[in-house]
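Reader: Hello! I am new to this structure and would love a close look at one part of it. Could you take me there step by step?

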Amino acid sequence: MKTSQQLVAEAKAAIKEVDLEQLSSYLKTHPEPRLIDVREPAEFAQGHIAGAVNYPRGVLEMQLANHPAVAASGCAADVALEQLAAEPLYLICRSGARSALAAESLQRMGFSDVYSVAPGMQGWFDAQLPVVK
């Protein structure tokens, strides 16, 4: 039997992580970021990064076809998902655990350029970076 900490550690060993500085740099150069906040809606409402889309961890895989970049493409959902998977996609949660598990799951779906943000929104809040409420 594995603990949740062991599952997260295994996921982190299999994915790519970025820190707050790397995410901030990405956000400055991408006015329409591909950033998914995998926290629960109540957490998201307490403060999130501008431009982030909220798909909670439990429904992420089923909600990807609703991502604004997919919907705007006008393509069939499977084709649009392939287009979404072809560009960098950033995932964030409170601490980096759920986003790591989410990144691992998206990699299994075929996303190769997906990043988990560590230390997550808690680090973002601690650094007093801008949030939308």
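Where is Arg94 found? Please start there and show me how the surroundings fit in.

Author: Happy to! One thing to keep in mind from the start is that this is a predicted model. Arg94 is found in the loop between β4 and α7. With a relative accessible area of 43%, Arg94 is partly exposed, because partly exposed covers the range between under 20%, which is buried, and over 50%, which is exposed.

Now look at what surrounds this residue. If you leave aside the neighbours within four places in sequence, Arg94 is in contact with Arg39, Glu43, Pro119, Gly120, Met121 and Gln122. One of these partners, Met121, is 27 residues away from Arg94 in sequence, yet the two C-alpha atoms are 4.6 Å apart in space.

Another partner, Pro119, is worth a pause. Pro119 sits in the loop between β5 and α8, the helix of residues 120-126. The peptide bond that leads from Ala118 into Pro119 is cis, and its omega is near 15°. Most peptide bonds are trans. So when you trace the chain out of β5, this is a good spot to slow down and look at the backbone.

Next, follow the chain into α8. Gln122, also in contact with Arg94, has its place in helix α8. Gln122 is partly exposed, at a relative accessible area of 33%. To get a sense of distance, find Thr29: Gln122 and Thr29 are 93 residues apart in sequence, and their C-alpha atoms are 23 Å apart in space.

The segment after α8 holds Gln128. Gln128 is not a glycine, but its phi is positive, at about 60°. Most residues other than glycine have a negative phi. Gln128 is also exposed, with a relative accessible area of 72%.

Let us go back to Arg94 and walk the other way out of its loop, which lies between β4 and α7. Helix α7 takes in residues 97-109, 13 residues in total, and from its first C-alpha to its last it reaches 19 Å, close to the 18 Å expected at 1.5 Å a residue. Which residues of α7 are buried? They are Ser99, Ala100, Ala102, Ala103, Ser105 and Leu106. These buried residues pack against α1 (4-14), α4 (60-63), β4 (89-92) and β5 (114-117). That list includes β4 and β5; β4 comes before the loop of Arg94, and β5 before the loop of Pro119.

Just past the helix, α7 is followed by Gly110, with a positive phi near 115°. A little further on is Ser112, in the loop between α7 and β5. Ser112 counts as exposed, at 54% relative accessibility. Apart from neighbours within four places in sequence, Ser112 is in contact with Lys16 and Ala85. Lys16 is 96 residues from Ser112 along the chain, and 9.6 Å separates their C-alpha atoms.

For one more stop, try Ala69, in helix α5 (residues 68-73). Ala69 is partly exposed, with a relative accessible area of 25%. Setting aside neighbours within four places in sequence, Ala69 is in contact with Arg34 and Leu84. Ala69 and Leu81 lie twelve residues apart in sequence, with 9.0 Å between their C-alpha atoms.

Finally, step back and see how these parts belong to the whole. The chain has eight helices and five strands, and along the sequence they follow the pattern α-β-α-β-α-β-α-α-α-β-α-β-α. The radius of gyration is 14 Å, close to the 14 Å that the globule rule gives for 133 residues, so the chain is as compact as a globular protein of that length. Taken along the principal axes, the C-alpha atoms fill a box of roughly 40 × 40 × 25 Å.

Of the 133 residues, 42% count as buried. Among contacts with a separation of 6 or more, 63% are between residues 24 or more positions apart; the pair of Arg94 and Met121, 27 residues apart in sequence, is one you have already visited. On the outside, the chain exposes about 7,100 Å², and carbon and sulfur atoms supply 54% of that area. As for charge, there are 11 positive and 15 negative side chains, and the centres of the two sets lie 5 Å apart.

Methods: Residues numbered from 1 in each chain as written. Predicted model: local features only at pLDDT ≥ 70, side-chain atom pairs only at ≥ 80, totals over all residues. Heavy atoms only, no water. Helix = DSSP H or I, 4+ residues; strand = E, 2+ residues; numbered from the N terminus. Rg over C-alpha atoms; globule rule 2.2 N^0.38 Å. Buried < 20%, exposed > 50% of the residue type's maximum accessible area, 1.4 Å probe, protein only. Contact = heavy atoms within 4.5 Å. Areas by Shrake-Rupley, 256 points an atom, 1.4 Å probe, with all protein chains shown as cover. Lys, Arg positive; Asp, Glu negative; His and termini not counted. Charge placed at Lys NZ, Arg CZ, Asp CG, Glu CD. Expected span 1.5 Å × (residues − 1).
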